[in-house]
Amino acid sequence: MTAKAAVIGWPINHSKSPLIHNHWLSRYSIKGTYEAIAVAPVALKESIQRLVDAGYRGFNVTVPHKQAILEHMDFVRPDAERIGAVNTVVVGADGTLEGRNTDAFGFIANLKLSAPDFNFRGGSAVVIGAGGAARAVIYALQKEGVDTIRIINRTLENARALAAEFPPCEAIAWDHLPDMTKDASLIINTTTLGMTGQAPLELDFARVKPTALVHDIVYAPLETPLLRAARAAGNPTVTGIGMLLHQARPAFEAWFGVMPDVDPDLVKMVLA
Ligand code: ATR
């Protein structure tokens, strides 16, 4: 029988997930399908049921359903519970729904491959932004043993709320950005700044340690102004595409039974 999976969101045409999963289905010669399905917020519950009834093995969940879907799950894995968002649903043989979050896995798997010598326990991290992506990043960093994490965000209350949920994170006001990066060993942008059409995120690299690893989770463009400036200053950098590709791996494995690799053809195709 053909194994079916999908991604649901509203709107959905921006999603790269069909490209990724269909690449792997063909690469591993698996008889399966993966499609993008537009699901309006009001139709979330009935759409989930329709997928279960049609025999789907599961589906990815994207904006704006990642939090709203939690209440429709029969089980939520502890990491998804802690991050407060589900991006992957696995349908059991009995039709039960298990909510997972693979963003933290994707973030760490990519970071370890991109910067194998990076020592998580060796310094402090600055997380720029306090939205959904920041939550997964902070959860993942704490799991890897980073104990000093500073969250800086345009809206200080959002940084404070997030820091309170993930102690001992510290919340910092946006105007301290220039002086808070100086002893960081890892700087991560989780905001939309630097994305095509958005203002750049500007950091003064004269005030950043030359060994600090700079990671932008924005992947369009692949080299954001932040990463370009970091590279010009000689800092090691990590682009955002890897997190996107690696977060898809455990979902594919759950539905189709093979843990796929991020191969160069996949990277090329997603960036094209
Ligand atoms: P995601 O799920 O991708 O993290 P999100 O939850 O909407 O998206 O979070 C977006 C983040 O980008 C927030 O930290 C937001 O800051 P606010 O909390 O102040 O809204 C940040 N952000 C968006 N536009 C920004 C801008 N122009 N300048 C600075 N930060 C910005």
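This is a short dialogue on reading a ligand site and a sheet.

Student: What kind of model is this, and how are residues numbered?

Tutor: It is a predicted model, where local features need pLDDT of at least 70, side-chain atom pairs count only at pLDDT 80 or more, and totals for chains, interfaces and linings use all residues. Residues are numbered from 1 along each chain as its sequence is written, and side-chain values use heavy atoms, with hydrogens and water left out.

Student: Which residues come nearest to the ligand?

Tutor: A residue is near a molecule if one of its heavy atoms lies within 4 Å of it. Here 13 residues surround the ligand, and Ala130, Asn153, Arg154, Thr155 and Asn158 come nearest.

Student: How do I read a polar contact with the ligand?

Tutor: Look for a pair of N or O atoms within 3.5 Å. In this model, an oxygen atom of the ligand is 2.5 Å from an N or O atom in the side chain of Thr155. For the side chain of Arg154, an oxygen atom of the ligand is 2.9 Å from an N or O atom. At Ala133, a polar backbone atom is 2.9 Å from an oxygen atom of the ligand.

Student: And the sheet: in what order do the six strands come?

Tutor: Strands are DSSP runs (E, at least two residues), numbered from the N terminus, and two of them pair if DSSP finds at least two bridges between them. The order in this open sheet is 9-8-7-10-11-12, with parallel pairing. Strand 9 (170–173) and strand 12 (237–238) are the edges, each pairing on one side only.

Student: Where can I see one bridge?

Tutor: Strand 10 (residues 184–189) and strand 11 (residues 213–216) pair over four bridges; Ile187 has Val214 in strand 11 as its bridge partner.

Technical notes. A polar contact is a pair of N or O atoms within 3.5 Å; within protein, one must be able to donate a hydrogen and the other to accept it, and residues adjacent in sequence count only if both atoms are side-chain atoms.
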